[in-house]
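Colleague: I'm new to this one. Could you show it to me and let me ask how you back up the words you use?

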Amino acid sequence: MKPDYQECRRCGSCCRAHAGNISATLTDIRRWMREGRKDILIFFFIRKEDGSLIRGDVEGYQTMEGVTGIEMRNPVNLERFCVCPFLRQETEDRSACSIHETKPRVCFYYTPWKWAADSEITSCPTREKPV
Ligand code: SF4
Ligand code: SF4
């Protein structure tokens, strides 16, 4: 049974805590190509079986076999982020995703307030029972 906790408080905590592991799918990549979102594509790298990384906006690689993952990385130094580059601080305690309308599916489905009570998500404040 789902807990009756409140929904996302937009604290931005998850966009910091998980920034180093944000991934995308080929569906995300193809959608961003259709939408002309090079501003997003340059942050995602397609990893191939041989370990090489191909930037998401490079035409022709999105259907290739041998893709083992798609990773969000800094396009300048290829490092992982500590804070998602798409996170915008709106007020002291409120943040927003600047690509909310087309964010990666992994973010779209990150809805811990809907998850079962025994889910091991501890950093999200929606997991705290209301007082
Ligand atoms: S899902 Fe949880 S941790 Fe992420 S912004 Fe919403 S309230 Fe904060
Ligand atoms: S893409 Fe948006 S929702 Fe996903 S981690 Fe970045 S700021 Fe958060």
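Modeller: Sure, here are the terms, one by one. This is a predicted model, where local features need pLDDT of at least 70, side-chain atom pairs count only at pLDDT 80 or more, and totals for chains, interfaces and linings use all residues. Residues are numbered from 1 along each chain as its sequence is written, while chains are lettered from A and ligands numbered from 1 in the order in which they are written.

Colleague: How do you know that E4 and E5 pair?

Modeller: Strands are DSSP runs (E, at least two residues), numbered from the N terminus. Two of them pair if DSSP finds at least two bridges between them. E4 (residues 87-91) and E5 (residues 94-97) have four, in the antiparallel sense, so they pass. A hairpin of two residues joins them, and Arg88 stands opposite Ala96.

Colleague: Why are E2 and E3 called edges of the three-strand sheet?

Modeller: The order is E2-E1-E3, with antiparallel pairing. Strand E2 (53-55) and E3 each have a single partner strand, so one side of each has no neighbour in the sheet. E1 and E3 are joined by five bridges, with Ile46 opposite Ile70 in E3.

Colleague: What makes Phe44 a contact of Met72?

Modeller: Contact means C-beta atoms, placed from the backbone, within 7 Å. Leaving aside neighbours within four places in sequence, Phe44 meets that with Ala24, Ile29, Gly56, Ile70 and Met72.

Colleague: And why is the shell of ligand 1 said to hold two charged residues?

Modeller: Asp, Glu, Lys and Arg count as charged. Among the residues surrounding ligand 1 are Arg9 and Arg10, so these two fit that class.

Terms used: A residue is near a molecule or strand if its C-beta atom, placed from the backbone, lies within 6 Å of it. Two residues are in contact if their C-beta atoms, placed from the backbone, lie within 7 Å.
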